[in-house]
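Reader: Please give me a close look at one part of this model, and then follow the thread from there. I'd be glad to have the cut-offs along the way.

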Amino acid sequence: MATKLPLHFFLLFLFLTSGWNVIMINGQKTWCVAKPSSDQATLLSNLNYACSQVDCSVLRRGCPCATPDNLINHASIAMNLYYQSRGKNHWNCDFRASGLVVVTDPSYGDCIYA
């Protein structure tokens with residue numbers, strides 16, 4: 001006897017394999033941030049890679065996103081810049097499973113996540 005999966009499992013599978021980006025699925029704006037459990041070496045690698053691909057000048061001293069001056073903050077901003085510039089596809093936030101697509105705006109103070 002075949003097991004019948006609920007419709008939401010099928011829709012989740014379709015979403016994950018289709019290449020559609022999150023904004024097309026649920027109508028919400030999305031951002032990419034670093035997973036809090038990411039180690040320092042991974043965060044540094046993500047920061048360096050993303051900034052080699054996009055303009056990370058918002059992280060320079062004196063700019064709104066320079067503080068707090070810590071690796072998870074800077075990596076999250078760089079990862080989001082990369083994610084936004086590449087069309088907000090879930091795979092553009094993977095960063096070897098250290099990225100997280102969120103629907104809550106991570107902007108703070110004068111640092112506005114695009």
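Author: Cys56 is buried, with a relative accessible area of 12%; here buried means under 20% relative accessible area, exposed over 50%, and partly exposed anything in between, using a 1.4 Å probe and protein chains only. Before going on, please keep in mind that this is a predicted model, in which local features need pLDDT of at least 70 and side-chain atom pairs count only at pLDDT 80 or more, while totals for chains, interfaces and linings use all residues. Residues are numbered from 1 along each chain as its sequence is written, and side-chain values use heavy atoms, with hydrogens and water left out.

Cys56 is joined to Cys51 by a disulfide with an S to S distance of 2.1 Å; a disulfide here is a pair of cysteine sulfur atoms within 2.5 Å. The torsion about the S-S bond of Cys51 and Cys56 is about -100 degrees, so this disulfide is left-handed. While Cys56 is buried, its partner Cys51 is partly exposed, at 29% relative accessibility.

That bond has company: searching the whole structure turns up three disulfides. Cys65 and Cys111 make one of them, with their sulfur atoms 2.0 Å apart. Its S-S torsion is about 100 degrees, so the Cys65 and Cys111 disulfide is right-handed. It links distant parts of the chain, with Cys65 in the loop between α3 and α4 and Cys111 in the segment after β2, 46 residues apart. (Helices are DSSP runs of H or I with at least four residues, strands are runs of E with at least two, and both are numbered from the N terminus.) Both ends are covered: Cys65 is buried at 5% relative accessibility, and Cys111 is buried at 1%.

Another disulfide is formed by Cys32 and Cys93, whose sulfur atoms are 2.1 Å apart. With 85 degrees about the S-S bond, the Cys32 and Cys93 link is right-handed. Cys32 sits in strand β1 and Cys93 in the loop between α4 and β2, so the pair ties together parts that are 61 residues apart in sequence. Cys32 has 0% relative accessibility and counts as buried, and Cys93 is buried at 2%.

If you like to write the connectivity down, number the bonded cysteines of the protein chain in sequence order and the pairing reads 1-5, 2-3, 4-6. Cys63 is another matter: its sulfur is 8.1 Å from the closest cysteine sulfur, that of Cys65, which is too far for a bond. Cys63 is partly exposed, at 28% relative accessibility.

The loop that holds Cys93 also holds an aromatic residue worth a look. Phe95 lies in the loop between α4 and β2 and its ring partner Tyr82 lies in helix α4, so that pair ties together parts 13 residues apart in sequence. The Tyr82 and Phe95 pair is edge-to-face, at 5.6 Å centre to centre with 70 degrees between the planes. The rule pairs rings of Phe, Tyr and Trp (its six-membered ring) with centres within 6.5 Å, calling planes under 30 degrees apart stacked, over 60 edge-to-face and the rest tilted. It gives two aromatic pairs, and ring pairs link Tyr49, Tyr82 and Phe95 into a cluster. Tyr82 is buried at 11% relative accessible area, as is Phe95 at 12%.

Tyr82 brings us to its helix. α4 covers residues 71-85, and its 15 residues reach 21 Å from first C-alpha to last, close to the 21 Å expected at 1.5 Å a residue; the expected span is 1.5 Å times one less than the number of residues. Of those 15 residues, 11 are buried, including Ala75, Met79 and Tyr83. Their cover includes β1 (31-34), α3 and β2 (99-102). Just after α4, Gly87 has a positive phi of about 95 degrees.

On the α3 side, Asn46 is a good place to finish. It is in helix α3, residues 40-53, and is buried, with 6% relative accessible area. Leaving out residues up to four places away in sequence, Asn46 touches Met79, Phe95 and Ser98, where contact means heavy atoms within 4.5 Å. The side chains of Asn46 and Ser98 also share a polar contact of 2.8 Å. A polar contact is a pair of N or O atoms within 3.5 Å; within protein, one must be able to donate a hydrogen and the other to accept it, and residues adjacent in sequence count only if both atoms are side-chain atoms.
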